[in-house]
Amino acid sequence: MSDELLYRMLLEKPDEGCSALLTQYTGLVYALAKRRLGGICSREELEELCEDILFSFYQQREKIDLSRGTIASLLSKMTVNMCIDRYRKTETVKGRAESEQTELTEVIVDRKKSPAEQAELTERKHTLLDAVRSLGEPDSSIVIWRYYFGETASEIAHRLSMRTGTVEMRLRRALEKLRIRLGGDADAL
């Protein structure tokens with residue numbers, strides 16, 4: 001489909017235009033994102049990033065100026081920019097998460113517990129923290145910010161420049177992965 005036809009569809013029939021945009025350009029956006037972030041993002045993360053890029057493009061459809069380039073070139077530029085932003089955030093999050101996770105490993109002595117109970121509790125904390133860390137970024141930070149620091153999904157979304165729904169979905173997936181990694185024992189969480 002030509003750019004002009006797709007552009008008209010986006011403006012006049014947004015639902016059909018969005019469907020055509022996804023059909024025609026998801027592969028391009030995914031390939032570009034994978035080339036840039038494939039080493040640091042999972043397949044799921046890349047798919048979510050592609051959804052964000054295409055959704056952002058769709059939201060800005062009324063501002064598109066085809067005299068500045070083709071839809072493919074505009075999407076390519078947007079993809080590169082969002083990949084750079086994601087990389088920077090991932091590196092920043094990773095650094096912050098490492099310092100915050102140091103706080104999590106501190107041992108708090110509870111005088112009511114025996115040394116054996118304290119040792120067992122400490123071991124359980126380390127096991128849980130190792131499992132959370134194994135989720136990778138930004139999922140491990142999302143779990144920590146939500147359950148250790150008590151931040152809401154919208155606060156975390158704002159911190160990571162993600163949609164709240166994306167944070168909630170990532171949190172659900174992360175908790176399921178943790179449940180499986182910890183042997184499915186509900187008491188382990």
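What share of the contacts in the protein with a separation of 6 or more is accounted for by residues 24 or more positions apart? In this predicted model, such residues account for 63% of those contacts.

## Overall architecture

The protein has eight helices and zero strands, and from the N terminus on its elements run α-α-α-α-α-α-α-α. Of the 189 residues in the protein, 35% are buried.

## The nonpolar cores

The largest nonpolar core has 23 residues, and the members that touch the most other members are Leu6, Leu10, Leu21, Tyr25, Phe57, Ile71 and Leu75. At least two residues of this core come from each of helix 1 (3–12), helix 2 (14–37), helix 3 (43–59) and helix 4 (71–104), and helix 3 gives the most, with seven residues. A second, separate core holds 17 residues, including Ile144, Ala153, Val167 and Leu178.

Leu10, one of the members of the largest core that touch the most others, illustrates how these contacts are distributed. When residues up to four places away in sequence are not counted, Leu10 touches Gly17, Cys18, Leu21, Phe57, Tyr58, Arg61 and Ile64.

## Helix 1 and helix 3

In helix 1 the buried residues are Asp3, Leu6, Tyr7, Met9 and Leu10. Seen down the axis of the helix, these buried residues fall within an arc of 160 degrees, so they line one face of helix 1. This pattern can be read against a general property of helices: an α-helix has 3.6 residues a turn, so residues three or four places apart point the same way.

Helix 3 has a longer list of residues to consider, and its buried residues are Glu45, Leu46, Glu48, Leu49, Cys50, Asp52, Ile53, Leu54, Ser56, Phe57 and Tyr58. Its geometry can also be checked against expectation, because at 1.5 Å a residue the 17 residues of helix 3 should span 24 Å, and the end C-alpha atoms are 24 Å apart, which agrees.

## Cysteines

The structure holds zero disulfides. Cys50 is in no disulfide, and the nearest cysteine sulfur, that of Cys83, lies 7.5 Å away, whereas a disulfide would need the two sulfur atoms to be within 2.5 Å. Cys50 counts as buried because its relative accessibility is 4%, under the 20% limit, while Cys18, at 22% relative accessibility, counts as partly exposed.

## Glu151 and Ser140

Glu151 is placed in the loop between helix 6 (139–147) and helix 7 (153–160), and at 15% relative accessibility this residue counts as buried. The side chain of Glu151 makes a polar contact of 2.5 Å with the side chain of Arg159. Leaving aside neighbours within four places in sequence, Glu151 is in contact with Trp145, Arg146, Ile156 and Arg159, so that Arg159 appears both in this list of contacts and as the partner in the polar contact.

Ser140 is found in helix 6, and at 2% relative accessibility this residue counts as buried. The side chain of Ser140 is joined to that of Glu137 by a polar contact of 2.8 Å. Across a separation of 31 residues in sequence, Ser140 and Leu171 are 9.1 Å apart in space, C-alpha to C-alpha.

Conventions:
Residues are numbered from 1 along each chain as its sequence is written. This is a predicted model: local features need pLDDT of at least 70, side-chain atom pairs count only at pLDDT 80 or more; totals for chains, interfaces and linings use all residues. Side-chain values use heavy atoms; hydrogens and water are left out. A nonpolar core is a set of buried Ala, Val, Leu, Ile, Met, Phe, Trp, Tyr and Cys residues joined through side-chain atoms within 4.5 Å. Buried means under 20% relative accessible area, exposed over 50%, partly exposed in between (1.4 Å probe, protein chains only). Helices (H or I, at least four residues) and strands (E, at least two) are DSSP runs, numbered from the N terminus. Contact means heavy atoms within 4.5 Å. The arc is that of the directions from the helix axis to the C-beta atoms. A polar contact is a pair of N or O atoms within 3.5 Å; within protein, one must be able to donate a hydrogen and the other to accept it, and residues adjacent in sequence count only if both atoms are side-chain atoms. The expected span of a helix is 1.5 Å times one less than its number of residues.
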